[in-house]
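Me: I should like to go through this model by question and answer. Please reason briefly in each reply and end on the value or name requested.

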Amino acid sequence: MLNTWVVIPTCLPLVLRRCHTCASESFRANGKFRVNANHKLMDAWLLVLCTACGDTAKLTVLERMNVRSVRPALLDRLHRNDPGLAAELLQDPVVRRRNRIALDWDDAWRLDTGGSDHLDREVIDVSVRFAARIPVRPVRLIAEGCGLSRAEVERLIAEGKLVSAVRLGGKLSGAFTFTLKR
Ligand SMILES: [Zn+2]
């Protein structure tokens, strides 16, 4: 029987970028946007606050866009300070590249294993899905989901008792499956 685990975001990730005021390296979005329209051209930014000094920085979302070419639904979400939009934009590689930022998801996700009933079985097949593109180490994920230490998980991989079509050693942010035989 295949079990499904889901990696679920619990809050917005930290935005890694140097603060020009205090040289801290991380910001947090509070879901607020700033929109500026000028002669039919529009700019929009996602506001992020320095975690050390609280200084505000702006991440470019729209730059000198003709107002008419901006989708009304997007405009509406910008004006409403839609928190879901902040999450979507931070996950957009184009937005990240344009603003030269990286994300730190360390304390911003949880694992839903749908209960621990399956963990007693001799063979466990698990399909892991991601509700957001959150880079996590499969070793950490499996340790948490199975109630094992990371060292135990590493040992199971080395002994061939924990197998997957993907490399379990690095980081992943997309769906994968694994089988654990004890
Ligand atoms: Zn600062």
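Reply: A residue counts as buried under 20% relative accessible area, as exposed over 50%, and as partly exposed in between. The model discussed here is predicted.

Me: Is Cys-53 buried, exposed or partly exposed?
Reply: The relative accessible area of Cys-53 is 38%. Since this value falls between the cut-offs of 20% and 50%, Cys-53 is classed as partly exposed.

Me: Which geometry do the four donor atoms around the zinc ion adopt?
Reply: The protein donors are the SG atoms of Cys-19, Cys-22, Cys-50 and Cys-53, lying 2.3 to 2.4 Å from the zinc ion. Their angles run from 103 to 114°, and four donors count as tetrahedral if all angles lie between 85 and 135 degrees. The arrangement is therefore tetrahedral.

Me: How many residues apart are Cys-19 and Cys-53, and in which loops do they lie?
Reply: The donor residues of the zinc ion follow the spacing C-x2-C-x27-C-x2-C. Cys-19 lies in the loop between β2 (14-16) and β3 (26-38), and Cys-53 in the loop between β4 (41-50) and β5 (56-66). The pair thus links distant parts of the chain, with a separation of 34 residues.

Me: Why is the sulfur of Cys-11 without a bond to the closest cysteine sulfur, and how many disulfides are counted?
Reply: A disulfide requires two cysteine sulfur atoms within 2.5 Å. The closest cysteine sulfur to that of Cys-11 belongs to Cys-50 and is 17 Å away, which is too far for a bond. The count of disulfides comes to zero.

How values were computed
Residues are numbered from 1 along each chain as its sequence is written. This is a predicted model: local features need pLDDT of at least 70, side-chain atom pairs count only at pLDDT 80 or more; totals for chains, interfaces and linings use all residues. Side-chain values use heavy atoms; hydrogens and water are left out. Donors are N, O and S atoms within 2.8 Å of the metal (3.2 Å for Na, K and Ca); water is not among the atoms, so sites may look incomplete. Four donors count as tetrahedral if all angles lie between 85 and 135 degrees; four count as square planar and six as octahedral if opposite donors are over 155 degrees apart and all others between 65 and 115; anything else is irregular. Helices (H or I, at least four residues) and strands (E, at least two) are DSSP runs, numbered from the N terminus. Buried means under 20% relative accessible area, exposed over 50%, partly exposed in between (1.4 Å probe, protein chains only).
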